[in-house]
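Open the structure in your viewer and set it to a cartoon view. This tour goes from one selection to the next and says what is there at each stop.

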Amino acid sequence: MPKPVAFAKHKSGLQYLWLALVLVVLDQVTKLYVIDNFMLFESIEVMPYLNFTYVHNYGAAFSFLSDQGGWQRWLFTFFAIAVSIVLLVWLRRNPVSLWRQNLSFALILSGALGNVIDRIQYGYVIDFIDVYVDDWHWPAFNVADMAITIGAILMLLEAFFEPDQSKQEEHA
């Protein structure tokens, strides 16, 4: 009688998917709140240097390519889905002990999925966090954008400042 196939002999980085799911839900809930409670371009002051301002982003980060007529929607959707698949595969292959890398992948994955949901559902990304100083405003962003940014920063910090975890595991 054949032996059953063991799909996971080690605990993988997929254990971080709970964080990605929580952040996707948080991102979508905040966006629904903005849709339900704000008119497009409406802005309210939350505190000095921070407004909630409802805008549509047809482009990528910082509204890159937002005025290109619509083709960019599908390019960015395809790109986000491709990145999400790569991150899922990487999480599956990573041991759970590579927690810094798994954390950054989960954050980036959640942001990519949060924004791709918007692109598919609405044709644009809903942004609403407006950070400013005097008359200078940072481009509006959302929870998904924060997750991507934090994940990318953590990935860079790990790459440049942390000891090579794979070598540490070989010696353990």
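Begin with strand β2, residues 50-57, where six of the eight residues are buried. Keep in mind that the model is predicted.

**The hairpin**

Add strand β1, residues 43-47, which pairs with β2 in the antiparallel sense over four bridges. Two bridge partners can be picked out by name: Met47 is matched with Leu50 in β2, and Ile44 is matched with Phe52 in β2. Now look at the turn: β1 and β2 form a hairpin with two residues between them. Select Tyr49 in this turn; its phi is positive, about 75°.

**The rest of the sheet**

Next, select strand β3, residues 125-133, which runs antiparallel to β2 and is joined to β2 by six bridges. Show Asn51 and Asp130 together: Asn51 stands opposite Asp130 in β3. In a regular strand, side chains alternate between the two faces of the sheet.

Which order do the four strands take in the open sheet? The order is β1-β2-β3-β4, with antiparallel pairing. The edge strands are β1 and β4 (136-137), and each pairs on one side only.

Two helices can now be added to the view. Helix α1 packs on the sheet and touches β2 and β3, its direction making about 85° with that of β3. Helix α3, residues 99-122, also packs on the sheet and touches β2 and β3, but its direction makes about 125° with that of β3.

**Two helices together**

Hide the sheet and keep α1, residues 17-37, then add α4, residues 143-161. Two packed helices are described by the angle between their axes and the distance between the axes. Here the angle is about 145° and the axes are 8 Å apart.

Which residues of α1 meet α4? They are Leu23, Leu26, Asp27, Thr30 and Lys31, and on the α4 side they meet Val143, Ala144 and Ala147. By class, this contact of α1 with α4 has five nonpolar, one polar and two charged residues.

**Along α4**

Stay on α4 and select Asn142, which caps the N-terminal end of α4. A side-chain oxygen of Asn142 lies 2.9 Å from the backbone nitrogen of Ala144. Then colour the buried residues of α4: Val143, Ala144, Asp145, Ala147, Gly151 and Glu158.

Finally, check the length of α4. At 1.5 Å a residue, its 19 residues should span 27 Å, and the end C-alpha atoms are 26 Å apart, which agrees.

How values were computed. Residues numbered from 1 in each chain as written. Predicted model: local features only at pLDDT ≥ 70, side-chain atom pairs only at ≥ 80, totals over all residues. Heavy atoms only, no water. Axes fitted to C-alpha atoms, helices over the stretch in contact; angles between N-to-C directions. Contact = heavy atoms within 4.5 Å. Nonpolar A, V, L, I, M, F, W, Y, C, P; charged D, E, K, R; others polar. Expected span 1.5 Å × (residues − 1). Buried < 20%, exposed > 50% of the residue type's maximum accessible area, 1.4 Å probe, protein only. Polar contact = N/O pair within 3.5 Å; in protein donor to acceptor, adjacent residues only side chain to side chain. Pairing = 2+ DSSP bridges.
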